[in-house]
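Please open the structure in your viewer and keep the selection panel at hand. This tour proposes one selection after another and describes what can be found at each stop.

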Amino acid sequence: MSNDTTNPGGLSPASRLATVPLSGIRKVFDRVKELEAEGKDVIHWQIGRPDFDTPAHIKQAAADALQRGEVHYAPNLGIPALRKAIGDRTTIDTGIKVDGMKQASVMAGANEGIMVSMMAFIQPGDEVLVGDPNWHHYKTCVTLAGGTPIEVPTREEDGFVMVPEVVERLITPKTKMLCITSPGNPTGCVQSKESLEALAKLAIKHNLLVMSDEIYARIYHGKGTIAPSIYSIPGMAERTIIINGFSKTYAMDGWRLGWTVASEELTKSILKVRQYTTVCVNTFIQHGAAVALNADQQCVDDMVSEFSKRRKVMLEGLRAIPGVSIVEPEGAFYLFPNIKSFGKTSAEVADYLLNEHHIAAVAGSVFGAAGEGYLRLAYSCSLEECKRGIERLGKALGQLGKK
Ligand SMILES: Cc1ncc(COP(=O)(O)O)c(C=O)c1O
C-alpha cells in the first residue's frame, strides 16, 4: 500500500467553477482604462451604476456614526435601526406590512443577498428559472450553490419581460425557484402588474420560491414612483425573497450595502448562511443607510428626473439612427437597442464602437443567448455626454452599415 498522501488535484479549482465565467463587463472596463490612458475621449455607457454622489445627509449620518465610535461588530442581520427602516420602507413600497426586525437581513450589497439566499435554499438537483437576457450573477450564484439555472428566453416583441406561458413550459418537478428582475438589467424592462399576477399564480400552483430583485424599482419612468412588486400579490409574501439595496437608488454602490426581505421563517435560513459569510456589514455605514430610507425621498426623485431627461435624449437619438430598433423600457438607466441589421455579432459591434469610436457599451450576448444582436447602453453619464454619444453612435453605425 502506498504511503503517498499527495493529492494530485491539490491546486486545482473546485469543479463547481468549471462553468463560471469571468465577467464580460470587466473586459470593457479594462479597455476603457487603456484608451483613457492614451488620452482618448470615451463615452461611458458601460457603467451599471448612478454617476451621482451619495446625498450629503446620508454621508453625514455615516460620518457621525463613525465619529461617535460605531466601529464594532453589528448583529448578523443588521443594526435594529436599519432593519426597522427596511421593514417600514418595504411596507410603504409594497402595501404589505413588513416587520423589519424579523424579516429584513442587511447584506454587503444586493449581490450578497442573492448569493446567501441561493446558498440557503438551492441544492444539487434544483432548477432555478432565470430570465435571458439577464444580469449574469443569477446564473452564476445558482451554479455556485449547486443548482441548475434554466434560462427563460425573453423577446423584444414582448418588451423583454418573462411571458408566463413560456415560464410554465419550463417548470418541472425539479423547479425550486423563479427569479424575477424587474426593472431588468440589461433591458430596463418592467413586468406589468398583470404579468406578475400570472407568475404569482404559477409560483403558488407549483410551490415555488420567488426571488424578486427590485434594486431598480425606484428608478421608474412609468406611472407612479415605483415599479410593481410581486410581493404585493396575495399569497406571495410567504414565498418571496425581495432583493434590494442602496447602490442604485441612493448612489451608494461603493458602500456595499443591500438587503433581503422574506418571511420570518425564510429569514431564519438566511441567517444561518449569513453567520458564515461576512458575519455582519460594516456598522457605521448602516447608520447612514437607515437615514437614507427614513429621510425624505426627494433626492431619489431628483436623480430619477435627471435620468428621465437622459433617457428621452437617448431614445429619440436611437430611434433616428437607421437600422436600429429600440423597446422603450420603463425602468433603470439602461437601453437595449437592436443592432441586428448591421450583420455582425453584438460583441463585434461593441468592439468596433469601443476601439474605433471610443463608445463603451456592453454586448448583449454578455447577458445571455437571447441578448445576441443587442447592446446595453447605460445612460449613467451626464446629459451632455449622452448627447455627444448619440451623435457619435449615429456616425459610427452609419459607417458600419457601409462596410
Ligand atoms: C439586477 C441587479 N441586481 C443586483 C445588483 C447588485 O447590486 P449591489 O451593488 O447592491 O450588490 C445589480 C448590479 O448591477 C443588478 O443589476
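The stops below go from the sheet to its strands, then to the ligand and two helices.

Before selecting anything, keep in mind that this is a predicted model. Begin with the sheet, an open one in which 7 strands follow the order 2-8-7-6-5-3-4 with mixed pairing. Colour strand 2 (104-107) and strand 4 (148-153) to mark the edges, since each of these pairs on one side only. If you look along the sheet, neighbouring strands are turned by 20° against each other on average, direction ignored. Now add helix 3 (residues 80-94), which packs on the sheet and touches strand 2, strand 7 (240-245) and strand 8 (258-261). The direction of helix 3 makes about 115° with that of strand 2.

Next, select strand 3 (residues 127-132), which pairs with strand 4 in the parallel sense over 6 bridges. To see one point of this pairing, show Gly131, which stands opposite Val152 in strand 4. Strand 3 also pairs with strand 5, again in the parallel sense, over 3 bridges, and here Glu127 stands opposite Thr175 in strand 5.

Move on to strand 5 (residues 175-181), where 6 of the 7 residues are buried, so that this strand is largely enclosed by the rest of the structure. From strand 5, 5 bridges lead to strand 6 (residues 209-213), and the two run parallel; Met177 has Leu209 in strand 6 as its bridge partner. How many residues of strand 6 are buried? The count is 5 of its 5 residues, so strand 6 is mostly covered. With side chains displayed, Leu209, Met211 and Asp213 point one way from strand 6, whereas Val210 and Ser212 point the other way, and all are buried.

Now select the ligand and its surroundings. Which residues are the closest among the 13 that surround the ligand? They are Gly109, Ala110, Asn111, Gly245 and Ser247. Coloured by class, the shell around the ligand shows 3 nonpolar, 8 polar and 2 charged residues.

Then select helix 5 (residues 110-121), whose 12 residues reach 17 Å from the first C-alpha to the last, close to the 16 Å expected at 1.5 Å a residue. Helix 5 is largely enclosed by the rest of the structure, because 11 of its 12 residues are buried. Among the buried residues of helix 5 are Ala110, Glu112, Met115, Ser117 and Phe121.

For the last stop, select Arg310, which is found in helix 11 (residues 298-319). Is Arg310 buried or exposed? Arg310 has 22 other C-beta atoms within 10 Å, and it therefore counts as buried, the cut-off being 20 or more. Leaving aside residues up to four places away in sequence, Arg310 touches Tyr379, Leu383 and Cys386. Finally, draw a distance from Arg310 to Gly24: the two are 286 residues apart in sequence and 25 Å apart in space, C-alpha to C-alpha.

Notes. Residues numbered from 1 in each chain as written. Predicted model: local features only at pLDDT ≥ 70, side-chain atom pairs only at ≥ 80, totals over all residues. Pairing = 2+ DSSP bridges. Helix = DSSP H or I, 4+ residues; strand = E, 2+ residues; numbered from the N terminus. Axes fitted to C-alpha atoms, helices over the stretch in contact; angles between N-to-C directions. Contact = placed C-beta atoms within 7 Å. Near = placed C-beta within 6 Å. Nonpolar A, V, L, I, M, F, W, Y, C, P; charged D, E, K, R; others polar. Expected span 1.5 Å × (residues − 1).
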